[in-house]
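This report describes helix packing, residue burial and backbone geometry in one protein model. The sequence and the structure are shown first, and the account follows.

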Amino acid sequence: DRFVELPSRLDDDRKRLWELTYRVNGSSMRGEMDDIVRDATEVVASSRRLGVDYRGLFWCTTVLGVCSWAADDHEGVARSIDDIRSLVGSTNDPALRIQGDFLTTLASIGNTETTGPVRQHLRRCATGQLASGESDAIVILAAIAEDEGDISRARTLILTPMSPSATGQWLAMRILAERLGVIDELLAHRQAQATASRPSIGLDVAKRTLHTELERRAWLD
């Protein structure tokens, strides 16, 4: 609301896009799915109408893909992945490519034909070359454990102190915590991490947790 009141050089249409993007971010942190879908859909539609490619469009496209994944809407996920690939191709931004790879990997869980690419992405995250890649990989590993029926391990992984790289990854983390019945614990952990004297501790723990889990699965080679 304060952002809307601030004077801006942006025209009204673009200002509205950024307003909605920030609202999507806030709604994702709170798990307000109806608001997320409504506002993110408007961002995507308005961006196309205006012919605007910007980072908020990519974030909202990824968030809609995560929402489709949560609803088991395979066609919706596929559309979002196609849109993300098109955006990545037009910007050639490595930071956006990371987010696109996250959604593609998340959507591939449970498909035996894509096991190789999933492992490859997780190993790449473990190299430390992707910003917050370790945290994103742990969210994926928690989803894999849930798909395998290993609920205890999925809960342990999703409660790992970590810092996912973008709104879609945060939303996926929250959705998994709710499905696994540990949302209260997750929120308590997030609050504790936010007030910790060493905010980077989550990154250290995420790195160790990722390597341990990949070693356990023999997925590092």
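In this predicted model, helix α8 (residues 133-147) and helix α9 (residues 151-158) have axes that come within 8 Å and cross at roughly 165°. Angles over 145 degrees count as roughly antiparallel, and α8 and α9 are therefore roughly antiparallel to each other. The crossing in which α8 passes α9 is left-handed. On the α8 side the contact is made by Ile138, Val139, Leu141, Ala142, Ala145 and Glu146, and on the α9 side by Ile151, Arg153, Ala154, Leu157 and Ile158. By class, the residues of this contact of α8 with α9 comprise nine nonpolar, no polar and two charged.

Helix α2 (residues 12-30) and α3 also pack against each other: their axes come within 9 Å and cross at roughly 155°. With the same cut-off of 145 degrees, α2 and α3 are therefore roughly antiparallel. Here α2 passes α3 in a left-handed crossing. From α2, the residues Asp13, Arg16, Leu17, Leu20, Thr21, Arg23, Val24, Ser27 and Ser28 take part; they meet Asp35, Ile36, Asp39, Ala40, Glu42, Val43, Ser46, Ser47, Arg49 and Leu50 in α3. The residues of the contact of α2 with α3 divide into seven nonpolar, five polar and seven charged.

The pair formed by α4 and helix α10 (residues 167-179) packs at an angle of about 20°, with the axes 8 Å apart. Angles under 35 degrees count as roughly parallel, so α4 is roughly parallel to α10. The crossing of α4 past α10 is right-handed. In this contact, α4 contributes Thr62, Val63, Val66, Cys67, Trp69 and Ala70, while α10 contributes Thr167, Gly168, Leu171, Ala172, Ile175, Leu176 and Arg179. Nine nonpolar, three polar and one charged residue make up the contact of α4 with α10.

The three helix pairs are set out below.

| Helix pair | Axis separation | Crossing angle | Citation |
|---|---|---|---|
| α8 and α9 | within 8 Å | roughly 165° | α8 with α9 |
| α2 and α3 | within 9 Å | roughly 155° | α2 with α3 |
| α4 and α10 | 8 Å | about 20° | α4 with α10 |

Cys67, named above in the contact of α4 with α10, has a relative accessibility of 9% and counts as buried, because buried means under 20%. Cys125 likewise counts as buried, at 1% relative accessibility. How many disulfides does a search of the whole structure find? The search finds zero.

Cys67 can also be related to a residue elsewhere in the chain. Asp34 lies 33 residues from Cys67 along the chain, and the C-alpha atoms of Asp34 and Cys67 are separated by 9.8 Å. Asp34 is located in helix α3 (residues 33-50). At 67% relative accessibility, Asp34 counts as exposed.

A further pair is Gly181 and Arg155, which are 26 residues apart in sequence and 8.3 Å apart in space, C-alpha to C-alpha. Gly181 belongs to the loop between α10 and α11 (183-194). With a relative accessible area of 53%, Gly181 is exposed.

Backbone geometry deserves a separate remark. Most residues other than glycine have a negative phi. For Asp72, phi is near 60°, a positive value in a residue other than glycine. Asp72 is placed in the loop between α4 (55-70) and α5 (74-91). Is Asp72 buried or exposed? At 54% relative accessibility, Asp72 counts as exposed. Ala218 also has a phi near 60°, a positive value in a residue other than glycine. Ala218 is found in the segment after α12 (201-217), and Ala218 is exposed, with a relative accessible area of 58%.

The chain as a whole remains to be described. The protein chain has twelve helices and zero strands. Of the 221 residues in the protein chain, 47% are buried. Among the contacts in the protein chain with a separation of 6 or more, 63% are accounted for by residues 24 or more positions apart.

Terms used. Residues are numbered from 1 along each chain as its sequence is written. This is a predicted model: local features need pLDDT of at least 70, side-chain atom pairs count only at pLDDT 80 or more; totals for chains, interfaces and linings use all residues. Side-chain values use heavy atoms; hydrogens and water are left out. Axes are lines fitted to C-alpha atoms, for helices over the stretch in contact, and angles run from 0 to 180 degrees between N-to-C directions. Helices (H or I, at least four residues) and strands (E, at least two) are DSSP runs, numbered from the N terminus. Angles under 35 degrees count as roughly parallel, over 145 as roughly antiparallel, 65 to 115 as roughly perpendicular and the rest as oblique. A crossing is left-handed if the near helix is turned anticlockwise from the far one by less than a right angle, and right-handed if clockwise. Contact means heavy atoms within 4.5 Å. Ala, Val, Leu, Ile, Met, Phe, Trp, Tyr, Cys and Pro count as nonpolar, Asp, Glu, Lys and Arg as charged, and the others, Gly among them, as polar. A disulfide is a pair of cysteine sulfur atoms within 2.5 Å. Buried means under 20% relative accessible area, exposed over 50%, partly exposed in between (1.4 Å probe, protein chains only).
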